[in-house]
Amino acid sequence: MGMPAALLPYQRRWIADRSPVRIWEKSRRIGASWACAAQSVIEAAQRGGNDTWYTSYNKETTAEFVRDCAHWTEVVNAAAELFEETIVDDETGEEILTYVIRFPSGNKITALSSKPTNLRNRRGRIIIDEAAFVPDLRETMKAEMDVLMWGGNVDILSTHNGVDSEYNHILTECREGRRDYSIHRTTIGDAIADGLFKRICFVNHWLWSPEAEEVWLENLLRHYGDDADEELWCVPRRSGGTFLPRDLLEDRVIDAPVFRFEAPAGFAKRMDDSRQRE
């Protein structure tokens with residue numbers, strides 16, 4: 001089963017990347033999750049393919065991914081059974097709500113919450129969507145990395161959520177060579193250059209032109225205002241300062257001598273008299 005032609009070049013580059021761990025720094029609403037859904041269906045529909053485990057920070061995003069997968073099963077003509085909701089037990093015995101699509105190949109796509117224990121002891125591909133907004137991202141990633149031992153894959157994709165987010169710290173570690181992850185970066189400008197606005201026009205039955213594209217982008221930037229750099233151009237906003245927790249400060253307190261100066265009697269009165277003479 002080949003790669004659908006409906007995907008834009010940056011989406012196709014993402015799917016073609018076979019790296020064990022991929023991280024996608026992206027603009028809003030450019031179809032990154034859409035591409036992940038396409039790849040999940042293609043892989044799950046094949047004998048010998050992979051399961052996909054998808055997680056994000058809220059139920060609505062999770063449900064949208066499942067709808068995207070359901071659409072792709074029709075596009076690529078893959079037989080599947082869609083279960084809107086089901087209950088599974090995590091490793092602590094707690095019941096969690098999930099969405100599952102099963103394929104005749106024996107593989108499945110499961111979308112579930114971002115609780116770290118939910119991703120332990122899985123096989124196939126794990127997707128963390130909007131990772132910058134996932135609570136306790138490092139714990140979530142730590143829980144999922146065992147999937148790599150048996151040839152699985154991990155995908156991390158998100159818009160930014162400030163320079164101090166765990167997602168941005170992880171990206172920085174990748175760029176400094178401390179993590180061997182494959183990095184993809186798609187700003188709104190990159191997406192437009194690859195045909196995003198043309199696709200939007202096609203879907204909405206608009207007439208495309210360079211002038212219309214320019215006006216559309218200008219309006220988009222105006223609507224986002226001060227948030228445009230972070231939301232569209234992949235530039236995380238600065239917080240204006242960094243909070244240092246009490247335990248971090250206490251760990252670095254040293255036992256240093258304290259010197260005190262005590263003024264002699266009448267010092268304050270002499271200072272007042274001096275100011276009056278001035």
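Here are a few exercises on the structure above, each with a worked solution.

This is a predicted model, where local features need pLDDT of at least 70, side-chain atom pairs count only at pLDDT 80 or more, and totals for chains, interfaces and linings use all residues. Residues are numbered from 1 along each chain as its sequence is written, and side-chain values use heavy atoms, with hydrogens and water left out.

**Exercise 1: the overall picture**

Find how many helices and strands the protein chain has, and what share of its residues is buried.

Solution. Start with the elements: there are 11 helices and eight strands. (Both are DSSP runs numbered from the N terminus: H or I over at least four residues for helices, E over at least two for strands.) Next, burial: of the 278 residues in the protein chain, 43% are buried. Buried means under 20% relative accessible area, exposed means over 50%, and partly exposed is in between, with a 1.4 Å probe and protein chains only. Last, take contacts between residues at least 6 apart in sequence: 66% of them join residues at least 24 apart. Contact here means heavy atoms within 4.5 Å.

**Exercise 2: two packed helices**

Work out how helix 2 and helix 3 are set against each other.

Solution. Two packed helices are described by the angle between their axes and the distance between the axes. Helix 2 covers residues 32-45, helix 3 covers residues 59-75, and they pack at about 50° with axes 8 Å apart. (Axes are lines fitted to C-alpha atoms, for helices over the stretch in contact, and angles run from 0 to 180 degrees between N-to-C directions.) Now compare that angle with the classes: under 35 degrees is roughly parallel, over 145 roughly antiparallel, 65 to 115 roughly perpendicular, and the rest oblique. Helix 2 and helix 3 are therefore oblique to each other.

Then look at who meets whom. Helix 2 brings Ser-33, Trp-34, Cys-36, Ala-37, Ala-38, Ser-40 and Val-41, and these meet Phe-65, Asp-68, Cys-69, His-71, Trp-72 and Thr-73 of helix 3. Sorted by type, the residues of this contact are eight nonpolar, four polar and one charged. (Ala, Val, Leu, Ile, Met, Phe, Trp, Tyr, Cys and Pro count as nonpolar, Asp, Glu, Lys and Arg as charged, and the others, Gly among them, as polar.)

**Exercise 3: rings in pairs**

Decide whether the pair Tyr-54 and Phe-65 is stacked or edge-to-face, then do the job for Tyr-57 and Phe-133.

Solution. The structure holds seven aromatic pairs. Rings of Phe, Tyr and Trp (its six-membered ring) pair if their centres lie within 6.5 Å; planes under 30 degrees apart are stacked, over 60 edge-to-face, and the rest tilted. Tyr-54 and Phe-65 sit 3.9 Å centre to centre with 5° between the planes, and this pair is stacked. Tyr-54 belongs to strand 2 (residues 52-55) and Phe-65 to helix 3, 11 residues apart. At 1% relative accessibility Tyr-54 is buried, and so is Phe-65 at 2%.

Now for Tyr-57 and Phe-133: their ring centres are 5.6 Å apart and their planes at 35°, so this pair is tilted. Tyr-57 is in the loop between strand 2 and helix 3, while Phe-133 is in the loop between strand 6 (125-129) and helix 4 (137-144), 76 residues apart. Tyr-57 is partly exposed at 39%, as is Phe-133 at 30%.
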